[in-house]
Amino acid sequence: MKHFKNFINGEWVGTSRTFENRNPADNTLIGHVHEAGQAEVDAAVQAARNALHGPWGRMTVAQRVALLHAVADGINRRFDEFVQAEIADTGKPFGLASHIDIPRGAANFKVFADLIRNVPTESFAMDTPDGGKAINYAVRSPRGVIGVVCPWNLPLLLMTWKVGPALACGNTVVVKPSEETPATATLLGEVMNEAGVPPGVYNVVHGFGPDSAGAFLTAHPQVNGITFTGETRTGEAIMKAAANGVRPVSFELGGKNAGIVFADADFDKAVAGIARSAFENSGQVCLGTERVYVQRPVFERFVAALKAKAEGLKLGRPTEPGVNMGPLVSHEHRDKVLAYYRKAAEAGATVVTGGGVPQMPGALAEGAWVQPTIWTGLPESAAVIREEIFGPCCHIAPFDTEEEVIALANDTPYGLAATVWTGDLGTAHRMGSALEVGICWINAWFLRDLRTAFGGARQSGIGREGGVHSLEFYTELRNVCVRL
Ligand code: NAD
């Protein structure tokens, strides 16, 4: 039986309070997770503080870059272990874990290491009032100890998306992985030690949110900044905690993203793109599409085509060849998603496909499975159109004009992402500026250049991470003014 312990100052720390980690595909027990209390969180933050002033803090950029490359190589060397751990925790299909989660998780260290090696800082020469000259130049220094609070949907990828730039900039981190997915953050501790990362630079504390490791970490006065990915409601709680000590936050939060298909779009590509954005990772992608708007001339045809795609998904054991849809992450999350399936039916939706729990064979019957689901016919006020469900489901509504669909898409408190399908260049660019989101894909979805800004507008986030934008949060920018 596995034990997922806290990783503090380069060592494994068990506690007397453990909770179960179960595989959502068949509900089998993976292992026991050791919940960190206030004492373990204090120790982790202290270790991270000390490490700032130890060998880590004295390293040259080149040495730090070399270490981060070694971490990425270490993940790749143990690639299969990471893939299996991620699959067991999340139930996601092998193809996803092995093509996206783990390779991108490793790449995040290299991308930000290379960035920090090359990034310039600004400099200005100025004339002084007395006829002399001065120069100003900027110096970036690490912010300090960064608290990293992570969700369960892309555990390693989203965690390293924060830990990569944090370490590249010379910070130290205390990571609180989701209670649902403790494995890969724990495994990364082993890789950090193997790579020779000094103790205390990377720490992991396990547990939950309120009254547990998440709350203890975010309230800790010695944490200098908090980066968080998760639900908007949780972000509100963390922001309140961060207010004590006026600590900065970087938030990647929830969404209720629109997919928009114009009649002039390449039909087959649009169907394939929306199918991915609605159903990939069982709909548990923050950037996923739960509201689809299709221009009226192709509406009926589109609904039929997306139905065929949904019904063509192969549900099954994540490691079985050809399987492209896994379970939801947990029974608890399934209860939430099924509650929305019921709400849609009660509100009078036409259930185009799905709407319930699939019959799964053998041991899989114990897993957290739901059917991919499509609705039509609901008013825009319906809960399944307003609220984030985070399941493999979408509502499809017809629209007539560009102005109408812009208003529909923007009518949400969120503003994370949109995917627009059109054959017209003018429409594409107009939509790109009209949709109030952090990222707008045209004839694409989930295509990410890691140098670009990533984040959400409105209630979908605060700040941007990615490329040089990550430096805004992970460093303090100091101006040095020298009178000549
Ligand atoms: P969640 O907010 O429930 O939990 C995220 C993390 O916060 C977990 O580690 C949890 O233990 C911790 N937490 C919970 N309450 C806390 C508290 N009071 N103080 C400190 N920590 C606390 O989110 P989730 O269910 O794990 O993830 C799904 C959500 O994440 C969805 O809303 C999704 O849209 C969002 N998400 C957003 C992005 C993005 O980039 N914008 C990416 C992935 C997921």
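**The contact between domain 1 and domain 2**

Modeller: In this predicted model, domain 1 and domain 2 bury about 2,300 Å² between them, and 55% of that area lies on carbon and sulfur atoms.

Biologist: What makes these parts domain 1 and domain 2?

Modeller: The division comes from an automatic or database domain assignment, which gives residues 2-253 together with 458-483 to domain 1 and residues 257-442 to domain 2. Their centres, taken over C-alpha atoms, are 31 Å apart, and the contact draws 25 residues from domain 1 and 35 residues from domain 2.

Biologist: Which three residues supply the most of the area that domain 1 buries against domain 2?

Modeller: They are Ala 25, Trp 152 and Arg 458, which supply 27% of that area, more than any other three residues.

Biologist: Why is the pair Asp 26 and Arg 317 called a salt bridge?

Modeller: The closest N and O atoms of Asp 26 and Arg 317 are 3.3 Å apart, and the cut-off for a side-chain nitrogen of Lys or Arg and a carboxyl oxygen of Asp or Glu is within 4 Å, so the pair qualifies. Between domain 1 and domain 2 the count is two salt bridges, alongside 14 residue pairs in polar contact, both residues being at pLDDT 80 or more.

Biologist: Which helix gives the most to the side of domain 1 that touches domain 2?

Modeller: Helix 4 gives the most, with four residues; helix 4 (79-90) and helix 5 (94-118) each supply at least two. The residues on that side of domain 1 divide into nine nonpolar, nine polar and seven charged.

Biologist: How do you know that Glu 194 forms a salt bridge with Arg 78?

Modeller: Their closest N and O atoms are 2.5 Å apart, and because the limit is within 4 Å, the pair meets the rule. Glu 194 is in helix 7 (residues 183-195), whereas Arg 78 is in the loop between helix 3 (61-77) and helix 4, so that the bridge links distant parts of the chain, 116 residues apart. By this rule the count comes to 26 salt bridges.

Biologist: Where does UniProt place the feature "domain: Aldehyde dehydrogenase"?

Modeller: The UniProt record, an unreviewed entry, places that feature at residues 12-480, and over this range the chain is 41% helix and 20% strand, with its end C-alpha atoms 42 Å apart.

Terms used
Residues are numbered from 1 along each chain as its sequence is written. This is a predicted model: local features need pLDDT of at least 70, side-chain atom pairs count only at pLDDT 80 or more; totals for chains, interfaces and linings use all residues. Side-chain values use heavy atoms; hydrogens and water are left out. Contact means heavy atoms within 4.5 Å. Buried area is the accessible area (1.4 Å probe) that two parts lose on being put together, summed over both. A polar contact is a pair of N or O atoms within 3.5 Å; within protein, one must be able to donate a hydrogen and the other to accept it, and residues adjacent in sequence count only if both atoms are side-chain atoms. Ala, Val, Leu, Ile, Met, Phe, Trp, Tyr, Cys and Pro count as nonpolar, Asp, Glu, Lys and Arg as charged, and the others, Gly among them, as polar. UniProt positions are given in the numbering used here, feature names are shortened, and annotations may be inferred rather than shown by experiment.
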